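Please look at the sequence and the 3D structure below before reading on. The text after them walks through a few features in turn.

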Amino acid sequence: MLEGAVPAFPTAREFAAIDIGSNSVRLVLYRLEGRAIWTVFNEKVLAGLGRDMATTGRLSEDGAALALTALKRFAAVIDGVKPAQTFVAATAAVREASDGQSFCERVAAETGLIIRVLSGEEEARYAAFGVIAGMPRADGVAADLGGASLELVGIEEGRVGRGITLPLGPFSLAGDGPIDPGRLRETIATRLKPAGDYQADTLYAVGGAWRTLAQVHMGHARYPLHIVHQYVMEADEARDIIRLIARSSRTSLERWKGLSKKRAETLPHAALVLEGLIDRLGLKRIVLSAWGVREGLLFEALDEETATADPLLAGCTALGARQGISPGLPGALYGWIQPIFDALPTIFGGERDRVLADAACRLADLGARLHPDHRIELAFDQVLRAPIPGQTHAERAFLATAVNARYGGGAATPEPDTMGRLLTEEQRTSGRALGLAIRLACDLSGRSPQLLVNAHIAVADGVLVLSASDGYADVLLGEQTRRRGKALAEALGLKLDIRNGR
């Protein structure tokens, strides 16, 4: 297996994170299996703590009451779950409010929760850590938009740079009466002047308002995969949806499907801040990150070996191990299919193709515990929509195509329109060939690594050659192997040659 390989059955641990933001108060419970991070509980209350900050400099009284009620509940949940570690962090509203400290003291007295109030730079740094935790190859600028502030921090090859915080949250920009887009644009441009050093092609957008904006864009684009994490908007596409939102009244926004009244209130501000960033930073694309400060706090707590592991491989290992029944199979498969992998064209980049092939092998036993009549579509759907970070939407589709072929699915796959939207023809062909190679290996060996080492595969001079070690030809090279080999050879555009000896 590749570097960054993780144990087949890593020890599981529970973590909890409470994020007390300017707009929302949220509890997330995580289950960690090595570098694989699963969200197992997620509850949010839109308290609006920072709603009155621009006019009073204090926390909203109604918001504080809502937040305290939510935190009492969260404390009870944590007491019941008893996670290995709990993080409680507050951001801009509590940090900047004149009564922020007294709020923290009241929370401690009534719930037992000790709040860590993050500085602006700390908030930016943890948001960047969260982006890296979910996208280790991120390169650009992380931007975390909360209710009261915007944090910016540069990211380069997994390293976090200097961060700044700016008063650009919707509550910091809100005024009385309807929004005046022209005046708001001027205010945003003025407040973004300190961000001149953060020029980049890619912005990694963190925050609920921008996730909502992305979901609106998905709906208008009729995008087939409703997963926000690593969703990409080109700058021109983002401008189009921003203009639509900016010219829509609050009443009309509230009628949009899936958009709550509280989100409708803040969405135009968030959209215009994003437009200002596109202009100020010279952005070419926006990549959404569902991971932010909470996951950044969690990521910092990992030991170095775990933190540097590949989250895609870790997630596929954990998912495949939970569903499968042969722990040694993925490693054996990855070694066995190398001649096929070497014969495939480069799809996502040489090293990245190897990671994806490794991930596909770790998912090879995913359908073992699924009903055989529905195994193809169930395995396909799990892979396409699994909450595993560290993969683009195209890579999700590629792995789903491979798993579909591994379980005997046709070239069309269960969602042909989705695959056609996310993958090129070459990517679909390569994904299918990879899956057929895994299917061949699994079926000729009965999923036994011990038997698989006695079968051999090679590609030479336009021919796919299958052979067996002495004494194993009758055991391994039967009619089913011939059928599986023929399907793989056809997918690769090769002839098939089955030989009784090496």
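What follows covers a sheet, the salt bridges, the aromatic rings and one annotated domain.

The model shown here is predicted. Start with a sheet of six strands, which is open and runs in the order E8-E7-E6-E9-E11-E10. Its pairing is mixed. Strand E8 (159–166) and strand E10 (232–234) are the edge strands, and each of them pairs on one side only. On average, neighbouring strands of this sheet are turned by 25° against each other, with direction ignored. Within the sheet order, E9 stands next to E11. Strand E9 (residues 202–206) pairs with strand E11 (residues 285–289) in the parallel sense, over five bridges. One residue pair can be picked out here: Val206 has Ser289 in E11 as its bridge partner.

Next come the charged side chains. Side chains of opposite charge can pair when their charged atoms come close. How many salt bridges does the structure hold? There are 33 salt bridges in the structure. One of them joins Arg31 and Glu14, whose closest N and O atoms are 2.7 Å apart. Because Arg31 belongs to strand E2 (residues 25–33) and Glu14 to strand E1 (residues 12–20), this pair ties together parts that are 17 residues apart in sequence. Arg31 is partly exposed, at a relative accessible area of 31%, and Glu14 is partly exposed too, at 24%. The two residues also belong to a network of salt bridges that links Glu14, Arg31, Glu33 and Arg322.

A second salt bridge brings together the side chains of Arg73 and Glu43, at 2.7 Å from N to O. Arg73 is in helix H2 (residues 61–81) and Glu43 is in strand E3 (residues 36–45), so a helix and a strand are tied together by residues that lie 30 apart in sequence. Arg73 counts as partly exposed, with 42% relative accessibility.

A third salt bridge is formed by Arg484 and Asp443, with 2.7 Å between the closest N and O atoms. This pair links distant parts of the chain, 41 residues apart: Arg484 is in helix H24 (residues 479–492) and Asp443 in helix H21 (residues 425–445). Is Arg484 buried or exposed? Its relative accessibility is 16%, so Arg484 counts as buried. Asp443, at 22%, is partly exposed.

Now turn to the aromatic rings. The structure holds five aromatic pairs. One of these is formed by Tyr126 and Phe129, edge-to-face, with 6.1 Å from centre to centre and 75° between the planes. The two residues are three apart in helix H5 (residues 120–134), so about one helical turn separates them. Tyr126 and Phe129 are both buried. Together with Phe299 they form one aromatic cluster. Arg125 lies over the face of Tyr126, 4.9 Å from the ring centre.

Phe348 and Phe398 also form an edge-to-face pair, because their planes stand at 80°, with the ring centres 5.4 Å apart. Phe348 is in the loop between helix H16 (338–343) and helix H17 (350–362), and Phe398 is in helix H19 (residues 393–406), so the pair ties together parts 50 residues apart in sequence. Phe348 is partly exposed at 22%, whereas Phe398 is buried at 6%.

Finally, an unreviewed UniProt entry places the feature "domain: Exopolyphosphatase C-terminal" at residues 353–497. Over residues 353–497 the chain is 59% helix and 10% strand. The end C-alpha atoms of this stretch are 27 Å apart.

Terms used. Residues numbered from 1 in each chain as written. Predicted model: local features only at pLDDT ≥ 70, side-chain atom pairs only at ≥ 80, totals over all residues. Heavy atoms only, no water. Phe/Tyr/Trp six-rings, centres within 6.5 Å; stacked < 30°, edge-to-face > 60°. Helix = DSSP H or I, 4+ residues; strand = E, 2+ residues; numbered from the N terminus. Buried < 20%, exposed > 50% of the residue type's maximum accessible area, 1.4 Å probe, protein only. Lys NZ or Arg CZ within 6 Å of the ring centre and 35° of its normal. Pairing = 2+ DSSP bridges. Axes fitted to C-alpha atoms, helices over the stretch in contact; angles between N-to-C directions. UniProt positions renumbered as here; feature names shortened; annotations may be inferred. Salt bridge = Lys/Arg side-chain N within 4 Å of Asp/Glu carboxyl O.
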